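Thanks for making the time this morning; I would like to walk through one chain with you, and I will try to keep to what can be read from the coordinates. Please have the sequence and the model open as I talk.

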Amino acid sequence: MSDSVLDIITEMYPDTLKADGYDDCILGVSDRDGETVIVYSSSKIIEKLMSNDGMDSVEAQEWFEYNISGAYMGPKTPIYVEDSICKLR
């Protein structure tokens, strides 16, 4: 049985903070100011908001910006990467 990416990350870095409900949107980890933080795909989160919560793209983007990426939880706050640009090519 394999561990999930989040299981591996929390085992290696037990103090990291996560965005609840978006484990499948994790890209990995990064370093910010000496702290290891979880990195999420913003496009995957927005797609998930649209499919699971029935939001249109504008609503999902606004929800994401205000409630998720805009939430500061201290120095271990996750990073959200805008990766949809890579999908255009």
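I will go from the overall fold to the core, and then to a few single residues.

Before anything else, please keep in mind that this is a predicted model, and that every value I quote is computed from it.

Let me begin with the overall layout. The chain holds three helices and three strands, and, read from the N terminus on, these elements follow one another in the order α-β-β-α-α-β. The radius of gyration comes to 13 Å, close to the 12 Å that the globule rule gives for 89 residues, so the chain is as compact as a globular protein of that length. If you prefer to think in terms of principal axes, the C-alpha trace spans about 35 × 35 × 30 Å along them.

As for burial, 30% of the 89 residues are buried, while the surface that the chain exposes amounts to about 5,900 Å², with carbon and sulfur atoms supplying 53% of it. For those of you who think about electrostatics, there are 7 positive and 18 negative charges, and the mean positions of the two sets lie 4 Å apart. On the topology of contacts, if we take those between residues at least 6 apart in sequence, 45% of them join residues at least 24 apart.

Now to the interior. The largest nonpolar core has 16 residues, and those with the most contacts inside it are Tyr-22, Tyr-40, Ile-45, Leu-49, Phe-64, Ile-68 and Tyr-80. Which elements each supply at least two residues of this core? They are α1, covering 5–12, β2, covering 35–41, α2, covering 42–53, and α3, covering 57–68. Taking Tyr-22 as an example, and leaving aside its neighbours within four places in sequence, we find that Tyr-22 is in contact with Tyr-40, Ile-45, Lys-48, Leu-49 and Ile-68.

A residue worth setting beside that one is Cys-25, which sits in the loop between α1 and β1. Is Cys-25 buried or exposed? With a relative accessible area of 2%, Cys-25 is buried, because the cut-off for that class is under 20%. Beyond four places in sequence, Cys-25 touches Val-39, Tyr-40, Ser-41, Lys-44, Ile-45 and Lys-48, and the C-alpha atoms of Cys-25 and Ile-45, although 20 residues apart along the chain, are separated by 6.2 Å.

Moving on to the last strand, Val-81 belongs to β3, residues 79–81, and its relative accessibility of 31% makes Val-81 partly exposed. Not counting residues up to four places away in sequence, the contacts of Val-81 are Leu-27, Val-39, Tyr-40, Ser-41, Ser-42 and Ser-43. Its C-alpha atom is separated by 10.0 Å from that of Ile-26, a residue 55 places away along the chain.

I will finish with two loop positions. Asp-33 lies in the loop between β1, residues 26–32, and β2, and Asp-33 is exposed, with a relative accessible area of 78%. Its phi angle is near 55°, a positive value in a residue other than glycine, which is something you may wish to look at in the model. The C-alpha atoms of Asp-33 and Tyr-72, 39 residues apart along the chain, are separated by 15 Å.

The other position is Gly-54, in the loop between α2 and α3, which is exposed at a relative accessible area of 61%. Once residues up to four places away in sequence are set aside, Gly-54 touches Leu-49 and Glu-59, and Leu-49, as I said, is among the core residues with the most contacts.

Key: Residues numbered from 1 in each chain as written. Predicted model: local features only at pLDDT ≥ 70, side-chain atom pairs only at ≥ 80, totals over all residues. Heavy atoms only, no water. Core = buried A, V, L, I, M, F, W, Y, C linked by side-chain atoms within 4.5 Å. Buried < 20%, exposed > 50% of the residue type's maximum accessible area, 1.4 Å probe, protein only. Helix = DSSP H or I, 4+ residues; strand = E, 2+ residues; numbered from the N terminus. Contact = heavy atoms within 4.5 Å. Rg over C-alpha atoms; globule rule 2.2 N^0.38 Å. Areas by Shrake-Rupley, 256 points an atom, 1.4 Å probe, with all protein chains shown as cover. Lys, Arg positive; Asp, Glu negative; His and termini not counted. Charge placed at Lys NZ, Arg CZ, Asp CG, Glu CD.
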